[in-house]
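Me: I have a protein model open and want to learn how to read it. Can we go through some features, one by one?

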Amino acid sequence: MTQLRPAALRIVAYERVSTTRQGRSGLGLEAQRVAIERFSAERAAQLLGRFTEVESGRKADRPELLKALHLAKLTGATLVIAKLDRLSRNAAFLLALRDSGVRFLAADMPQANDLTVGIMALVAEQEREAISRRTKEALAAAKARGGRLGNPNGAAALRRAGDGGAALRRTVTVTANADAFARDPVPVIEAIRAESVTSLR
């Protein structure tokens, strides 16, 4: 009697980072890709598609995620992510996805069942809230210690230089330092924005 071989697992890979800087550098994406490829090789899975997104996990209407879900639903494939929080840190979103009919699993916990996913969704949401709280507390503590947030000198140096600072701007070193200074807080600002903080207050 001929034994039927089980059908190969078909997967759709989804990778996500939150910032444009991470997307350009590949920071985070490479590790996700390695984890998914290792999972795929261990299971001898057939990769039907790979979707990469540079977008906040708080947004539910991510174009690449929607394409990945559509392909998974169309083909009956399983959506694979490196870690659960690459899908979202929002429990309601993860639970709705779990109940949508699209199978998905995380490469770092492939044995997770519906109960586990529900618990991990709640943990991911709690971690998101904790990150936001810690950021706000750190900024408040710095302010309480008398620290001024932002550049303490403001535009005083430019006013002292006169001519709107044109002479300073012509200096290559000053311009390079100013550009570096301007870029320095970008990751912090993007991380804060990813937590839906949109105002200076």
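Reply: Start with names. Helices and strands are DSSP runs, numbered from the N terminus. This model is predicted. Take Ser-40: its place is in helix α2, residues 29–42.

Me: Is Ser-40 buried or exposed?

Reply: Use the cut-off: buried means under 20% relative accessible area, and exposed means over 50%. Ser-40 has 14%, so Ser-40 is buried. Leave out residues up to four places away in sequence, and Ser-40 touches Ile-11 and Ala-45.

Me: Which residues does Arg-33 contact, beyond its neighbours within four places in sequence?

Reply: Glu-15, Arg-50 and Thr-52 are in contact with Arg-33. Arg-33 is also found in helix α2. Its relative accessibility is 28%, so Arg-33 counts as partly exposed. Sequence distance and space distance can be read side by side here. Arg-33 and Ala-82 are 49 residues apart in sequence, yet 7.4 Å apart in space, C-alpha to C-alpha.

Me: What does phi look like at Ala-44?

Reply: Phi of Ala-44 is near 50 degrees. That is a positive value in a residue other than glycine. Ala-44 lies in the loop between α2 and β2. With a relative accessible area of 57%, over the 50% cut-off, Ala-44 is exposed. Now look at a glycine. Gly-76, just after α3, takes a positive phi of about 75 degrees.

Me: How do I read a helix with two faces?

Reply: Begin with the general idea. An α-helix has 3.6 residues a turn, so residues three or four places apart point the same way. Now the case here. Helix α3 covers residues 63–75 and has 13 residues. From its first C-alpha to its last, α3 reaches 18 Å, close to the 18 Å expected at 1.5 Å a residue.

Me: Which residues of α3 are buried?

Reply: Leu-65, Ala-68, Leu-69 and Ala-72. Seen down the axis of α3, these buried residues fall within an arc of 95 degrees, so they line one face of the helix. Turn the helix over. The face away from the buried side carries the exposed residues His-70 and Leu-74.

Me: And strands? Which way do the residues of β3 point?

Reply: The general idea comes first again. In a regular strand the side chains alternate between the two faces of the sheet. Strand β3 spans residues 78–81. Thr-78 and Val-80 point one way, and Leu-79 and Ile-81 the other way. All four are buried.

Me: Which strands pair with β3?

Reply: Strand β1, residues 10–17, runs parallel to β3, and three bridges join the two. Find the partners: Val-12 stands opposite Leu-79 in β3, and Ala-13 stands opposite Val-80. Strand β4, residues 104–106, also pairs with β3 in the parallel sense, over three bridges. There, Ile-81 stands opposite Ala-106 in β4.

Me: How many bridges link β1 and β2?

Reply: Eight, again in the parallel sense. Strand β2 covers residues 46–54. Glu-15 stands opposite Thr-52 in β2. Both of these residues came up earlier, as contacts of Arg-33.

Me: How many residues of β1 are buried?

Reply: Seven of its eight residues, so β1 is mostly covered. Now trace β1 on the model yourself.

Conventions. Residues are numbered from 1 along each chain as its sequence is written. This is a predicted model: local features need pLDDT of at least 70, side-chain atom pairs count only at pLDDT 80 or more; totals for chains, interfaces and linings use all residues. Side-chain values use heavy atoms; hydrogens and water are left out. Buried means under 20% relative accessible area, exposed over 50%, partly exposed in between (1.4 Å probe, protein chains only). Contact means heavy atoms within 4.5 Å. Two strands pair if DSSP finds at least two bridges between them. The expected span of a helix is 1.5 Å times one less than its number of residues. The arc is that of the directions from the helix axis to the C-beta atoms.
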